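Me: Please take a close look at a single part of this structure, and then set that part in its surroundings. I am new to the structure, so a connected account would be welcome.

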Amino acid sequence: MTEPPPAPPWYRQPWFWLVATPPLAAVVGGLLTVWIAARNADSLVVDDYARIGRAFEMDQSRDRQARALGVSAVLHLDRATGAFELDVNGVPAGELQIVLLHPISAGGDRGIPVTAGADDRYAGSFGPLDAARREVEIASAQQGWRLRGVLRPGAGELRLTAP
């Protein structure tokens, strides 16, 4: 009588791979999903929002303060060098924060604090900028106001008034 041939090892069994492949694929897919999510995380919303109940409402107190004070501004920007001049009317000169918000990436936002020179004008530089559309925010923490506007692609001047 002849003996049956020996059974192949476990890794050569087709039933093992038929049963083990879906869970292994799920583990690999899950790890890949975690890696993609961690690498491309969304940035936080940058603005004055307050959570009220289940809704989010924008805090417009600084905008109302700018309207009450009659604040207006004109920003002159050279995109090639990033140099800017800012004229602010309606309030005494002081320290301001100027922020250029990138439309897509928070990493592209540029902000600097500036203080008025002897002629009550503000000047500084953000460094070279691309031609993308930017939101501009000018704010005074001491006086509690802010102005916002949109700097169109290629534009070098922006007039800001309180909403």
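Reply:

**One strand and its surroundings**

The protein has 2 helices and 10 strands. The model is predicted, and the description below should be read with that in mind. Along the sequence, the elements follow the pattern α-β-β-α-β-β-β-β-β-β-β-β. Of the 163 residues, 25% count as buried. The accessible surface comes to about 11,000 Å², and 60% of that surface belongs to carbon and sulfur atoms. When contacts between residues at least 6 apart in sequence are considered, 52% of them join residues at least 24 apart.

The part chosen for the close look is strand 4, which covers residues 83-89. Its residues divide between a covered face and an uncovered one. Phe84, Leu86 and Val88 make up the covered face, whereas Ala83, Glu85, Asp87 and Asn89 lie on the uncovered face.

Strand 4 pairs with strand 3, residues 72-77, in the antiparallel sense, and 6 bridges join the pair. Two positions show how the residues line up. Leu77 stands opposite Phe84 of strand 4, and His76 stands opposite Glu85 of strand 4. Phe84 belongs to the covered face of strand 4 and Glu85 to the uncovered face. Strand 3 and strand 4 form a hairpin with 5 residues between the strands, and in this hairpin Gly82 takes a positive phi near 85°.

Strand 4 also pairs with strand 7, residues 121-125. The two run antiparallel and are joined by 5 bridges. Here Ala83 has Ser125 of strand 7 as its bridge partner.

These pairings belong to an open sheet of 4 strands, in the order 7-4-3-10 and with antiparallel pairing. At the edges stand strand 7 and strand 10 (157-161), each of which pairs on one side only. From one strand to the next, the twist averages 15°.

The chain beyond strand 4 comes next. Gly94 is found in the loop between strand 4 and strand 5. Is Gly94 buried or exposed? With a relative accessible area of 24%, it is partly exposed. Leaving aside residues up to four places away in sequence, Gly94 touches Val114, Thr115, Ala116 and Tyr122. One of these, Tyr122, is 28 residues from Gly94 in sequence, and the C-alpha atoms of the pair are 9.5 Å apart in space.

After this loop, the account turns to an open sheet of 4 strands in the order 6-5-8-9, with antiparallel pairing. Strand 6 (110-115) and strand 9 (145-151) stand at its edges; each has a single partner strand, so one side of each is left without a neighbour in the sheet. Neighbouring strands of this sheet are turned by 15° against each other on average, with direction ignored. Within the sheet, strand 5 (residues 95-101) pairs with strand 8 (residues 134-140) in the antiparallel sense over 5 bridges. The bridge partner of Leu100 in strand 8 is Val136. Helix 2, residues 61-69, packs on this sheet and touches strand 8 and strand 9. The direction of helix 2 makes about 100° with that of strand 9.

The last stop is a group of aromatic residues. Trp10, Tyr11, Phe16 and Trp17 form one aromatic cluster. A search of the whole structure finds 4 aromatic pairs. Why is the pair of Trp10 and Tyr11 edge-to-face? The ring centres of Trp10 and Tyr11 are 5.7 Å apart and the planes stand at 90°, so the pair is edge-to-face; the cut-off for this class is an angle over 60 degrees.

How accessible are the members of this cluster? Trp10 counts as exposed at 55% relative accessibility, while Tyr11 counts as partly exposed at 43%. Trp17 is likewise partly exposed, with a relative accessible area of 39%. Trp17 lies in helix 1, residues 14-39. Beyond the residues up to four places away in sequence, Trp17 touches Tyr11 and Leu24. Its side chain also reaches the backbone oxygen of Tyr11 at 2.7 Å.

To return to the part chosen at the start, strand 4 is joined to strand 3 by 6 bridges and to strand 7 by 5 bridges, within the sheet of order 7-4-3-10.

Key:
Residues numbered from 1 in each chain as written. Predicted model: local features only at pLDDT ≥ 70, side-chain atom pairs only at ≥ 80, totals over all residues. Heavy atoms only, no water. Buried < 20%, exposed > 50% of the residue type's maximum accessible area, 1.4 Å probe, protein only. Contact = heavy atoms within 4.5 Å. Polar contact = N/O pair within 3.5 Å; in protein donor to acceptor, adjacent residues only side chain to side chain. Pairing = 2+ DSSP bridges. Axes fitted to C-alpha atoms, helices over the stretch in contact; angles between N-to-C directions. Areas by Shrake-Rupley, 256 points an atom, 1.4 Å probe, with all protein chains shown as cover. Phe/Tyr/Trp six-rings, centres within 6.5 Å; stacked < 30°, edge-to-face > 60°.
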